[in-house]
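The exercises below concern helix packing and nonpolar cores in a predicted model. Work through each task with the structure open before reading its solution.

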Amino acid sequence: MKIDLTDTTASKINKALVQGRRAIGTPAVGMVLTLVVVTDEENAYDALKAANDASHEHPSRTLVVIKRVSRSRGRTQSRLDAEVRVGADAGSGETVVLRLYGEVSDHAQSVVLPLLLPDAPVVVWWSADAPRDPAGDPLGALSQRRVTDSYAAEKPIDELRSRAESYAPGDTDLAWARITPWRSMLAAALDQVSSEIVSAEVAGEESNPSVELLAMWLADRLHVHVRRAVSAGPGLTQVRLETTGGPITLHRSDGAMATLALPGQPDRAVALKRRETSELLAEELRRLDPDETYASALRFGLDRLGGIQSAMERAEAAQQPTPSLPVRGVPDSASAPSAAAADGDAARPTPAKMPPVRKADPQ
């Protein structure tokens, strides 16, 4: 059921929601959170579809905020239009599409606040054009969890750098959710070996924030050199861990199936498909507490590397002819571990073990 409201108010929208629930015979509110989706007209359809699909796992009231400008006779007209959806048109919850015109677009929080579910968590997701400081944004200040997507930005690495500089507890990124299956698989693989980890290499597309995050996570947790190699993709393609017992590799060339190779064991095929946005969003909605592992990886990117840089940027800074193997885990001036260190010299790093993956339900 859809109800269109033109030049309306938050009070009228709430009345329309009650009217819609009564019309379809479900007067009770059985939703667990409010999901605020901030997007533009170009990305609204995809964002709304992802939110509706995620609502099948997390029934929610979805408020889609689209800021627009309407001009008439040289003046900007302030107006709020709304589209209320309930029943089959709104997934497993309720959806309100809010189009803000003129000056009211600068005060979106005043429109959203009366529509939040009482005594329920609030999550804000910027599907495009996220603010530099999500926690300081007026809409972000209303929420317990703030979701961005560095991959959707025009300059993903710059966006990732902004996320690191402005991080506040409750921030997260869909680029981080994309590597959950990789982190789970690597943790499970290291449970099967007892060798010491000497170094690592992560390969993937240039300027892909998920590849950068996985490299920073490995370097932060294992305290070893992590090389960042550039591949043709799609996305993240390979992780190679050098151990004293032989290499551990997880290679995915087609974006669907991967091959896991462990020392002394036959290679095995594992499912490691690239997931849809709705699956990533549903994962982030499963836990609403601060993601300390994500925060630690971001801090490592800033504190140890002096700022997050793409492979190309690091190669240009070092005046290297190719960006294939820039070091990711120590400052640029440091070199990779020597062969002697790998064979048992005193320079060998202390044994490193993979920490458990934070996600409660790895995919």
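**Exercise 1.** Determine in which sense α2 passes α8, and describe the geometry and the residues of their contact.

*Solution.* Begin with the handedness: α2 passes α8 in a right-handed crossing. Next, take the geometry, in which helix α2 (residues 44–54) and helix α8 (residues 277–284) pack at an angle of about 50°, their axes being 8 Å apart. Because of that angle, α2 is oblique to α8. Finally, list the partners: A50, A51, D53 and A54 on the α2 side meet T277, S278, L281 and A282 on the α8 side, and by class this contact comprises 5 nonpolar, 2 polar and 1 charged residues.

**Exercise 2.** Carry out the analysis for α6 and α7, and state which residues make the contact.

*Solution.* Helix α6 (residues 180–190) packs with helix α7 (residues 209–222) at an angle of about 35°, with 11 Å between their axes, and the crossing is right-handed. The contact is formed by W182, R183 and L186 from α6 together with L214, W217 and L218 from α7; by class it holds 5 nonpolar, no polar and 1 charged residues.

**Exercise 3.** Which residues touch the most other members of the largest nonpolar core, and which helix gives the most to this core?

*Solution.* The largest nonpolar core has 38 residues, of which V202, L213, L214 and L218 touch the most other members, and α7 gives the most to this core, with 9 residues. Turning to L214, and leaving aside neighbours within four places in sequence, one finds it in contact with I179, W182, R183, V202, L236 and V239. Apart from this core lies another, of 28 residues, including L17, V65, L100 and V112.

Terms used:
Residues numbered from 1 in each chain as written. Predicted model: local features only at pLDDT ≥ 70, side-chain atom pairs only at ≥ 80, totals over all residues. Heavy atoms only, no water. Axes fitted to C-alpha atoms, helices over the stretch in contact; angles between N-to-C directions. Helix = DSSP H or I, 4+ residues; strand = E, 2+ residues; numbered from the N terminus. Left-handed = near helix turned anticlockwise from the far one by under 90°. Contact = heavy atoms within 4.5 Å. Nonpolar A, V, L, I, M, F, W, Y, C, P; charged D, E, K, R; others polar. Parallel < 35°, antiparallel > 145°, perpendicular 65-115°, else oblique. Core = buried A, V, L, I, M, F, W, Y, C linked by side-chain atoms within 4.5 Å. Buried < 20%, exposed > 50% of the residue type's maximum accessible area, 1.4 Å probe, protein only.
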